[in-house]
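I opened the model to look up strand pairing and salt bridges. My notes follow.

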Amino acid sequence: MEAGFPNKSKLITNLLLVPSTNGPLIDCIVSEWGQWSECDTACGNGMMSRTRIIEQKPQNGGKHCPSLVQKRGCQGLKCHNHHDRKALRETALLLPAALSKSRHENDTSDIRRNLRLRYKNAFKHNRGNEYCVEFEVIKATKACHKDNVYRGLAEGERVIVRCDLEALHEDKTVDTLASNSVQDDEEPDTPKYRCRGDGLTGRNTRFTTLALPACRGKWMRLTVGQPKKCPSSDAQFIFV
């Protein structure tokens, strides 16, 4: 042990604890958060952000500055036409595919018959105009997980939803040939039809179930372009 330094390590520790001679500790001070920015995507999923600024920089070992930027998800609704904006706002109303009228042509009762549905033209009599749409579930409530019928509506699962004639509605907002609606190929001037809530490709929209309203969530349409015809056995659910 060196003379005059009985405990060198203790001395070094004490020196480190001595306040700086440059002045007191000053912590960083930041402003309040500013306004959220516009969504960075005009149509579909995007991000928005807000910022704050440093009003006082830290000095003499004061606390460092916190994050100056916050971000959160947003949904751009400024789509290129009215049809897309309308489709993004719609919520799909679902029933189990077992209730599809096309599977029970001889049944005298249909749960949807009391809701609406009166045939007005030959197009809506032709079951060859029915179609299916595939979705990927993004989020679903716990009520879906607890019910055997709707358990397939789980995060990450892919589901096929059938649009039966009983659920077809005339789509008066369509003004392009690239729409999601179906049309009579033999009579191209006839109105186009689609099921409400059939979504837009790559866009998140909402769904809920008719018999179990607590089961609801968000999904993303995977089907590209005009939907395809499909056998009723392929679908897990039907649009109402």
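I checked the partner of R221 in β11 and found F135 standing opposite. F135 belongs to the pairing of β6 (residues 131-140) with β11, which is antiparallel over five bridges. I count strands as pairing if DSSP finds at least two bridges between them. Strands are DSSP runs (E, at least two residues), numbered from the N terminus.

This is a predicted model: local features need pLDDT of at least 70, side-chain atom pairs pLDDT 80 or more, while totals for chains, interfaces and linings use all residues. Numbering runs from 1 along each chain as its sequence is written, and side-chain values use heavy atoms, without hydrogens and water.

Next I looked at β10 (residues 204-209). Five bridges join β10 to β11, antiparallel. N204 stands opposite M220 in β11. A hairpin of six residues connects β10 to β11.

Which side chains of β11 are buried? I noted G217, W219 and R221 on one buried face; R216, K218 and M220 point to the other and are not buried. Buried means under 20% relative accessible area, exposed over 50%, partly exposed in between (1.4 Å probe, protein chains only).

Then salt bridges: a side-chain nitrogen of Lys or Arg within 4 Å of a carboxyl oxygen of Asp or Glu. I get four by this rule. One of them is E90 with R194, closest N and O atoms 2.7 Å apart. E90 sits in the loop between α2 and β5 and R194 in β9, so the pair ties together parts 104 residues apart in sequence. R194 also bridges D198 at 3.0 Å. I logged E90, R194 and D198 as a salt-bridge network.

Terms used
Helices (H or I, at least four residues) and strands (E, at least two) are DSSP runs, numbered from the N terminus.
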